[in-house]
Amino acid sequence: MGATEEAYFTPVVPMDFTYNYRVGHYLQRYLDGFKEKKVLGAKCPECGQVVVPPRKYCGSCNKVREEFVELSQEGTLENFTVGHVTLVKGKLNEVESPYLVGMIKLDGADNLLLARVEGLPVGEAKTGMRLRAVWKDQAEGDYSDLDHFEPV
């Protein structure tokens, strides 16, 4: 009786599909703000915390946040990572040069916003550095309108 032979294969499964997703009232207001190149957060009436993107309920007080506030276009880089690949339709692709993805605390917000950081070599990124938002020339109310952040 011979040894059991195991065979492995790696299937390539393209992930190309379209679906409709309703963002809801809070994220729709957030995206509407993008049309005017504004970043909107939601403020808790009880504890005063402001979160971005806006969320309906406060995680600390469980109160409904009903007030939308415009946040600063500037903030502080709290953390970051360096990307070496992109994922497009389920396929990993090498990039020509590494890129930065940062966790940014906008002035006036109490949480962090995830965004791409450009305008500096990846080796020069440091937590605590000041960044500002860079918008696409023609904003259309889409997540991609807020293109990236760059050093102030």
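E36 is exposed, its relative accessible area being 54%. In this predicted model, E36 pairs with K38 in a salt bridge whose closest N and O atoms are 3.2 Å apart. Its partner K38 counts as partly exposed, at 28% relative accessibility.

Let's turn to the other pairs. A search of the whole structure finds six salt bridges, and the table shows three of them, including the one just described.

| Salt bridge | Closest N and O atoms |
|---|---|
| D32 and K35 | 3.6 Å |
| E36 and K38 | 3.2 Å |
| R130 and D107 | 2.6 Å |

How far apart are D32 and K35 in helix 1? The two residues are three apart in that helix, which covers residues 24–35, so about one helical turn separates them. D32 is partly exposed at 30% relative accessibility, and K35 is partly exposed as well, with a relative accessible area of 48%.

The pair of R130 and D107 has its closest N and O atoms 2.6 Å apart. R130 sits in strand 7 (residues 130–135), while D107 belongs to the loop between strand 5 (91–106) and strand 6 (113–117), so this salt bridge ties together parts that are 23 residues apart in sequence. R130 counts as partly exposed, at 32% relative accessibility; D107 is also partly exposed, at 32%. This pair has company, too: salt bridges with shared partners join E74, D107 and R130 into one network.

Technical notes. Residues numbered from 1 in each chain as written. Predicted model: local features only at pLDDT ≥ 70, side-chain atom pairs only at ≥ 80, totals over all residues. Heavy atoms only, no water. Salt bridge = Lys/Arg side-chain N within 4 Å of Asp/Glu carboxyl O. Helix = DSSP H or I, 4+ residues; strand = E, 2+ residues; numbered from the N terminus. Buried < 20%, exposed > 50% of the residue type's maximum accessible area, 1.4 Å probe, protein only.
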